[in-house]
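Got the model open in your viewer? Let's walk through it one selection at a time.

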Amino acid sequence: MVSERSGAQVLVASNRGPVSYALAADGALSAKRGGGGLVSGLSAIGPGSDALWVCAALGDGDREAVRRSGGALDPEDTGGQRVRMLDIPAEVHADAYNGVANSVLWFVHHMLYQTPLEPVFDDRFRAQWASYETYNAAFAEALADAAAPSAAVLVQDYHLALVPGMLRDRRPDLRIAHFSHTPWAPPEYFAMLPDDVQRKLTVGILGADRANFLTERWARAFTGCCRQALGADCDAYWPSDGAPYVVSTPPESTPRRTRIGVHGLGADADFLRERAHRPDVEERMATLRQQIGGTDRKTIVRVDRTELSKNIVRGLLAYRRLLADHPEWHERVVHVAFAYPSRQDLAVYREYTAEVGRLAEEINAEYGTADWQPVELHVKDDFARSLAAYRLADVALVNPIRDGMNLVAKEIPVVSDHGCALVLSREAGAYAELGKDALVINPYDINATAEALHTALSMEYGERAERTKRLAAAATALPPAQWFLDQLDALKTDPATSSSAP
Ligand code: G6P
């Protein structure tokens, strides 16, 4: 393995890393490895590579692990991955992550502001914004320090939008990509942000050689926002026979060209199919079957972080509407809803979590009988149980208000045991690839969602199975390993154009 001093050839940067630590009362540290597209994507470049993942310490356990290891974590804890965790001061991180990234940028890109929930750009925001800059600079500094000459750096998500520009200033030799895992706000919505913030966010990402997105829709929104925020200093090109790019002229600098990439992350079929047939998943299927009860009851499954953009409340309201309009389903369907708590430092998320719980209870009180509980709501994160539900599902409900991709919509068809009808929001990135074989809904329309659930529940098995096969094929077109390699290849093979006009 290459030592960190000689510099890494490939670097990944993200707020949340591939491992987190819990600190026990007796001072013992235990590591928990995360999953997701990036973790499996990075494994594609092989064990023993010198790739380095730079992430933030997110809690007391992480901070203690950084103190004990000096920042370069023990590869035993990370599955062999080299990880450098940054101990950014807790208040700076909280302002950047909770204040700017999750309360403002997440809300803007997912278009979640609705009266009376509105953005406030006061002195408090300005202090948080300063922290966001400091936190981005800490990443840029660490990456500049750890990268080998001309190394490839893959910067992830809205938390780190300023990093590409900051890193370019420090290390013009590097190949830099930024990936947005979220949607990108349309220009009219992005316009809500203060003008200087709009400029810094777009110039920050345009500091990269490539700005990558999950769908063309989000990529086009980004280029529209660049034009809006930078005016005469920016032009976006979408040639009919070549790769799109943006030419921007940062202050006191020559024009720079940033290529725009679209990489639609898919499901990891091999991993999911193997994992979904292990004994712990079989056990949970048995438990779930008991909870569902009845021999011919159908199951509507949803699996989400408890997240406003996932639209769980409207999903439950649609299910209630289904039970009201179609009494023939009473005792014959159960809604298995897994809603795993997320971002509980934010009051609006805590309130949303409580609302989900209240509504599930209300529906059960309203319609439940001695041996039928209409909603099975579970909030404890359990991946094996999620896979068990995927296998059992007759209907999958994926109804986000907006979503970068939504991997649940892609994973369920891959592991489904007997075919599953997919009710899918047209505002999920996955719609671009799965729309043809899904029952497509407007996520705000509760009545139409209820009708789509009815149609899905009534679908013939043969049709369901056929659609599921096609959905699984579309969902696995770009598995995480290929998704990651494609980005890396594009970054390495693009001519070095970042400092010249087209
Ligand atoms: C989204 C974001 C990720 C983030 C994840 C979980 O998928 O695109 O960057 O890590 O949500 O959110 P959290 O705030 O818990 O990291």
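Start by selecting helix α15, residues 408-415. Of its 8 residues, 8 are buried, so the helix is largely enclosed by the rest of the structure. Buried here means that 20 or more other C-beta atoms lie within 10 Å of a residue's own (12 or fewer is exposed, in between is partly exposed, and C-beta atoms are placed from the backbone). Helices (H or I, at least four residues) and strands (E, at least two) are DSSP runs numbered from the N terminus. Click along α15 and you'll pass V408, A409, K410, E411, I412, P413, V414 and V415, which are buried.

A quick word on what you're looking at. This is a predicted model, where local features need pLDDT of at least 70, side-chain atom pairs count only at pLDDT 80 or more, and totals for chains, interfaces and linings use all residues. Numbering runs from 1 along each chain as its sequence is written.

Next, select strand β8, residues 210-213. R210 and N212 point one way, A211 and F213 the other, and all are buried. Now add the neighbours; strands pair if DSSP finds at least two bridges between them. Strand β7 (residues 175-179) runs parallel to β8, joined by 3 bridges, and F179 has N212 as its bridge partner. Strand β11 (residues 256-262) also runs parallel to β8, with 4 bridges; here A211 is partnered with I260.

Now for the ligand. Which residues surround it? Select R16, N102, D157, H181, T182, S342 and R343, using a C-beta atom (placed from the backbone) within 6 Å as the cut-off. This shell has no nonpolar residues, 4 polar and 3 charged. For that split, Ala, Val, Leu, Ile, Met, Phe, Trp, Tyr, Cys and Pro count as nonpolar, Asp, Glu, Lys and Arg as charged, and the others, Gly among them, as polar.

Then colour by pLDDT, the predictor's confidence in each residue from 0 to 100. The protein's mean is 94, and 97% of its residues reach 70 or more. Over residues 1-5, though, the pLDDT is below 50. At residues 498-502 pLDDT stays under 50. Where pLDDT is low, don't read the predicted coordinates in detail.

Finally, zoom out. The protein has 19 helices and 17 strands, and its C-alpha atoms fill a box of roughly 70 × 55 × 45 Å along the principal axes. Of its 502 residues, 50% count as buried. For the complex, the predictor gives an ipTM of 0.99 and a pTM of 0.96.

Terms used:
Contact = placed C-beta atoms within 7 Å.
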